[in-house]
Amino acid sequence: MVYGADQIAPAREIYNFQKAHKGLLSILGGIFEGKFVGAEKMMEMATIPNKEVLLSKIAFLLKSPMQRLAIAVNEVTKKK
């Protein structure tokens, strides 16, 4: 039995422990937002990246089109 103030952190910690120690521990289910959810749903929540990783992915997605436009403009100026 694991609990924590963060709703996803306990599932993530059990998942990480489970990966490090094969066959020793497994997630059977959990209480999320006051409702029981099964092992599959808890595994989905455990594999969600943390906030910093998600924010960096969003920043990369926003930067990519601007970077491509800058490269395209630079190539046009090289030809002239």
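Let me start with the salt bridge, which in this predicted model joins the side chains of lysine 78 and glutamate 75 at 3.6 Å, taken from N to O. The structure holds one salt bridge, and so it is worth looking at how its two partners are placed: lysine 78 and glutamate 75 are three residues apart in helix α3, and are therefore separated by about one helical turn. As for their surroundings, lysine 78 is exposed, because its relative accessible area is 57%, whereas glutamate 75, at 37%, counts as partly exposed.

Before I go further along that helix, a word about confidence. The mean pLDDT of the chain is 85, and 100% of its residues reach 70 or more. Within the chain, the highest confidence belongs to helix α3, residues 51-79, at a mean of 89, and the lowest to β1, at 84. As a general caution, predicted coordinates should not be read in detail where pLDDT is low.

Staying with α3, which residues make the nonpolar surface patch? The patch is made by Leu55, Ile58, Leu62 and Met66, and its area is about 430 Å². Methionine 66 lies in helix α3, and with a relative accessibility of 57% methionine 66 counts as exposed. Serine 64 is found in helix α3 as well, but is serine 64 buried or exposed? At 14% relative accessibility, serine 64 counts as buried, because the limit for that class is under 20%. Serine 64 is also 63 residues from methionine 1 in sequence, and their C-alpha atoms are 43 Å apart in space.

Just past the helix, in the segment after α3, we come to lysine 80, which counts as exposed at 85% relative accessibility. If you take lysine 80 together with phenylalanine 36, the two are 44 residues apart in sequence, and the C-alpha to C-alpha separation in space is 65 Å.

Phenylalanine 36 brings me to the strands, since β2 covers residues 35-38, and this strand pairs with β1, residues 29-32, in the antiparallel sense over four bridges. Within that pairing, glycine 30 stands opposite valine 37 in β2. The two strands form a hairpin with two residues between them, and in the turn glutamate 33 has a positive phi of about 55°.

Finally, I would like to turn to methionine 42, which sits in helix α2, residues 39-46, and which, at 9% relative accessibility, counts as buried. What is methionine 42 in contact with, leaving aside its neighbours within four places in sequence? The contacts are Ala11, Ile27, Gly29, Gly30 and Val37, so that list takes in both members of the glycine 30 and valine 37 pair that stand opposite each other in the hairpin. Methionine 42 can also be set beside isoleucine 8, which is 34 residues away along the chain, with 8.6 Å separating the two C-alpha atoms.

To put the two methionines side by side, then: methionine 42 in α2 counts as buried at 9%, whereas methionine 66 in α3 counts as exposed at 57% and is one of the residues of the nonpolar patch.

Terms used
Residues are numbered from 1 along each chain as its sequence is written. This is a predicted model: local features need pLDDT of at least 70, side-chain atom pairs count only at pLDDT 80 or more; totals for chains, interfaces and linings use all residues. Side-chain values use heavy atoms; hydrogens and water are left out. pLDDT is the predictor's confidence in each residue, from 0 to 100. A salt bridge is a side-chain nitrogen of Lys or Arg within 4 Å of a carboxyl oxygen of Asp or Glu. Buried means under 20% relative accessible area, exposed over 50%, partly exposed in between (1.4 Å probe, protein chains only). Patches are made of residues with over 30% relative accessible area and no salt bridge: like charges are joined within 9 Å, nonpolar side chains (Val, Leu, Ile, Met, Phe, Trp, Tyr) within 5 Å. Accessible areas come from the Shrake-Rupley method with a 1.4 Å probe; for residues, only the protein chains shown count as cover. Contact means heavy atoms within 4.5 Å.
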